[in-house]
Amino acid sequence: MDLEMIFEFAKGVLESDATGHDWRHTLRVEQNALRISPDDLADEELAVVRTAVWLHDTIDDKVDASQRKSADDVVAILSESGATTAEVNEILDIIQNLSYSKNLERKYELSALGQIVQDADRLDALGAIGIARAFYYGGHKGEPLYDDSRPRAFEDLTEASYRESSSVINHFYEKLLLLEDSMNTVAGTTEALKRTRFTREYLEQLYNEIDE
Ligand code: ADP
Ligand code: NI
């Protein structure tokens, strides 16, 4: 696979994104993925992980419609870069099914490499960076920081209703604090537990400050 070609394709799509799915998010997810990958991954497997990371948000419907790519565009660039049919299928399967919203109503069984990519993406929604992204995204969407509405239970969320969150703080309860229990890899779980502890401490401090 011509990794450089895929890297530049994805960078071009995400460079100017302002929804929190920007290119730096992708680079952090790549770092996370490298950190939690087992040492004995073959070079071809690592290439699938890195490629899936770079491409994972390029077809996301939260990315601005003028920039967003279709699955067909992704297949085209992968084929052009020399990916095998098996690699194209696996990468497409990963990026179409890894998101939190896609896994609300049923848990999709990703490949082992896909599970690494999903954990790496989820880690970037946690800890200090995850908190920053939540407020950034909420601001972009015009959500209040917090309000009097109650967060919805996981069981009541659907792919469509998840998108209509009432406040940024509700989002913590509807997603961020739940991620630690749904990680795939051991290394990903260890880091998720750490970051979630920090996220809870942040909420505690916030409540102390805003207590009316
Ligand atoms: P996924 O990529 O799994 O679909 P999202 O797209 O929901 O996850 O999340 C992308 C980023 O935006 C994450 O950091 C997430 O926590 C944040 N985010 C998503 N929805 C909201 C929301 N309603 N309010 C605040 N932050 C959100
Ligand atoms: Ni992502």
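Ligand 1 is surrounded by 16 residues, of which Lys62, Tyr100, Glu143, Tyr162 and His171 come nearest. The model is predicted. The space that ligand 1 takes is the largest pocket. A nickel ion, ligand 2, is held by protein donors from His25, His56 and Asp121.

**Shell around ligand 1**
- By residue class, the shell around ligand 1 consists of six nonpolar, five polar and five charged residues.
- Helix H7, which spans residues 127-141, supplies the largest share of this shell, with three residues.

**Polar contacts and burial of ligand 1**
- Tyr100, one of the nearest residues, places a polar backbone atom 2.7 Å from an oxygen atom of ligand 1.
- Glu143, also among the nearest residues, has an N or O atom of its side chain 2.7 Å from a nitrogen atom of ligand 1.
- A polar backbone atom of Ala134 lies 3.4 Å from a nitrogen atom of ligand 1.
- Ligand 1 taken alone exposes 540 Å², and the protein buries 96% of that area.

**Nickel site (ligand 2)**
- The donor atoms are NE2 of His25, NE2 of His56 and OD of Asp121, at 2.0 to 2.2 Å from the nickel ion.
- Along the chain, the spacing of these donors is H-x30-H-x64-D.
- His56 belongs to the loop between helix H3 (43-55) and helix H4 (71-80), whereas Asp121 belongs to helix H6 (residues 112-123); the pair therefore ties together parts that are 65 residues apart in sequence.

Key
Residues are numbered from 1 along each chain as its sequence is written. Chains are lettered from A and ligands numbered from 1 in the order in which they are written. This is a predicted model: local features need pLDDT of at least 70, side-chain atom pairs count only at pLDDT 80 or more; totals for chains, interfaces and linings use all residues. Side-chain values use heavy atoms; hydrogens and water are left out. A residue is near a molecule or strand if one of its heavy atoms lies within 4 Å of it. A polar contact is a pair of N or O atoms within 3.5 Å; within protein, one must be able to donate a hydrogen and the other to accept it, and residues adjacent in sequence count only if both atoms are side-chain atoms. Accessible areas come from the Shrake-Rupley method with a 1.4 Å probe; for residues, only the protein chains shown count as cover. On a 1 Å grid over the protein atoms alone, a cavity is a set of points where a 1.4 Å probe fits but cannot get out, and a pocket is an open set with protein on both sides within 12 Å along at least five of seven lines; lining residues have an atom within 4 Å of a point. A molecule sits in a cavity or pocket if more than half of its atoms lie within 2 Å of its grid points. Helices (H or I, at least four residues) and strands (E, at least two) are DSSP runs, numbered from the N terminus. Ala, Val, Leu, Ile, Met, Phe, Trp, Tyr, Cys and Pro count as nonpolar, Asp, Glu, Lys and Arg as charged, and the others, Gly among them, as polar. Donors are N, O and S atoms within 2.8 Å of the metal (3.2 Å for Na, K and Ca); water is not among the atoms, so sites may look incomplete.
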